[in-house]
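Please look over the sequence and the model shown below. The report that follows takes up charged side-chain pairs, a group of paired strands and the enclosed spaces in turn.

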Amino acid sequence: MKKILTNRSNNETSRLASYWKKKGVSDGVDMIKFFDGFNFQFLEYGNWINQPERIDSLRRILLSCDTVLYPLFGSKNLGLDKNISVAIGGRGYGSRVAGHFEPSTLFINLAKNTVDVPKPMVSLYAFGHEYFHGLDYFLGRYVEPVKFCNYLSQSWDNTQAWKYPIRNAMSELLLAYYETSQSNPMYMKGIRNKDYWESPQECFARISEQCLCLYAENLSIRKKILNYITRPSSFYSQRSNVYVPDSLLPDIYAKWIEVVKLIGTSMKDKTKKTR
């Protein structure tokens, strides 16, 4: 596993830019923007990911941040003051999942590929799913801390935690999701590990993934770019056993937007450092 960058001083910026220019990474993929523009802390690649794949994966992440996440939150502090990091094909163990979030290290790991989902995996839906896991944990642990509820979503049924604005909005979102799920005849049909799929953390990440793609489709993004970073909302319509059906989505989407607005406000404030 190769760590591309660690914390550095401003006078190292030009040296870093020169290094990546020699590697063929210029205006199309801006390494500096990932760290200084969006405030992420580290970027790691697995040793077996070749240079074109590294460039392509970073391009997808930057496009997702630039065209969707930045307009969504109204803030470029997506790395939460250099607390969130990203690894690509560097921390997985050959599982079928597109990625995972590590609370202990605050790393988002994106798999190079999986058995059941076509490549490329480093796209808005995979990155967005794990990114919202990261927001769920970091904001719940350090911004709106509640005992025994490190994730914002864990306190959805804890009335004592509703004094916090993001946790309160999150509770309304998850309560609406669980209620609407009862009217969905396909809900959890054919799913084996229901405890995992019905956990509030996973439900929030799936809701966010689905709503994020819908939000992206509603933006004035060129179709070529949109197809490059995400997948169509029809993908979720065909999987209503784990995602929200189209008929029930408007109310869930509206409540998700309220959560996002509060998270965006929190991003603009100085985030508590954890390192």
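## A salt bridge within one helix

In this predicted model, Glu258 and Lys261 form a salt bridge in which the closest N and O atoms are 3.8 Å apart. Both residues belong to helix H10, which covers residues 249–268, and because they are three residues apart there, about one helical turn separates them. Glu258 counts as partly exposed, since its relative accessibility is 43%, whereas Lys261, with a relative accessible area of 51%, is exposed; the cut-off that matters here is that exposed means over 50%.

## Salt bridges between distant parts of the chain

The count of salt bridges comes to three. One of them joins Lys33 to Asp66, with the closest N and O atoms 2.3 Å apart. This pair links distant parts of the chain, as Lys33 lies in helix H2 (residues 31–37) and Asp66 in helix H3 (residues 51–73), 33 residues apart. Lys33 is partly exposed, at 26% relative accessibility, and Asp66 is likewise partly exposed, with a relative accessible area of 26%.

Helix H2 also supplies Asp36, whose partner is found in the loop between H3 and S3. The side chains of Asp36 and Lys82 meet in a salt bridge at 3.7 Å, taken from N to O, and this pair too links distant parts of the chain, the two residues being 46 residues apart. Asp36 is partly exposed, with a relative accessible area of 36%, and Lys82 is partly exposed as well, with a value of 23%.

## Strand S5 and its two partners

Strand S5 takes in residues 107–110 and is paired with S3 as well as with S4. With strand S3 (residues 85–88) the pairing is parallel and consists of four bridges, and within it Ala87 stands opposite Asn109 of S5. With strand S4 (residues 99–102) there are also four bridges, but here the strands run antiparallel. In this second pairing Gly99 stands opposite Leu110, while Phe101 stands opposite Ile108.

S4 and S5 together form a hairpin with four residues between them, and Leu106, in the turn, has a positive phi of about 60°. In a regular strand, side chains alternate between the two faces of the sheet. In S5, Phe107 and Asn109 point one way, Ile108 and Leu110 point the other way, and all of them are buried. The residues of S5 that stand opposite Ala87 and Phe101, namely Asn109 and Ile108, therefore point in opposite ways from the strand and are both buried, under the cut-off of 20% relative accessible area.

## Enclosed spaces

How many cavities of 30 Å³ or more does the structure hold? There are two of that volume or more, and the largest cavity has a volume of about 50 Å³. Rolling a probe the size of a water molecule over the atoms shows where empty space is left.

The lining of the largest cavity draws on two stretches of numbering: Tyr177, Thr180, Ser181, Asn184 and Tyr187 are among the lining residues, as are Ser240, Asn241, Val242, Tyr243, Val244, Pro245 and Leu248. By residue class, this lining divides into seven nonpolar and five polar residues, with no charged residue present.

Notes: Residues numbered from 1 in each chain as written. Predicted model: local features only at pLDDT ≥ 70, side-chain atom pairs only at ≥ 80, totals over all residues. Heavy atoms only, no water. 1 Å grid on protein atoms, 1.4 Å probe; cavity = no way out; pocket = protein on both sides within 12 Å on 5 of 7 lines; lining within 4 Å. Points joined across faces, edges and corners; volume = space filled by probe spheres on them. Nonpolar A, V, L, I, M, F, W, Y, C, P; charged D, E, K, R; others polar. Buried < 20%, exposed > 50% of the residue type's maximum accessible area, 1.4 Å probe, protein only. Pairing = 2+ DSSP bridges. Salt bridge = Lys/Arg side-chain N within 4 Å of Asp/Glu carboxyl O.
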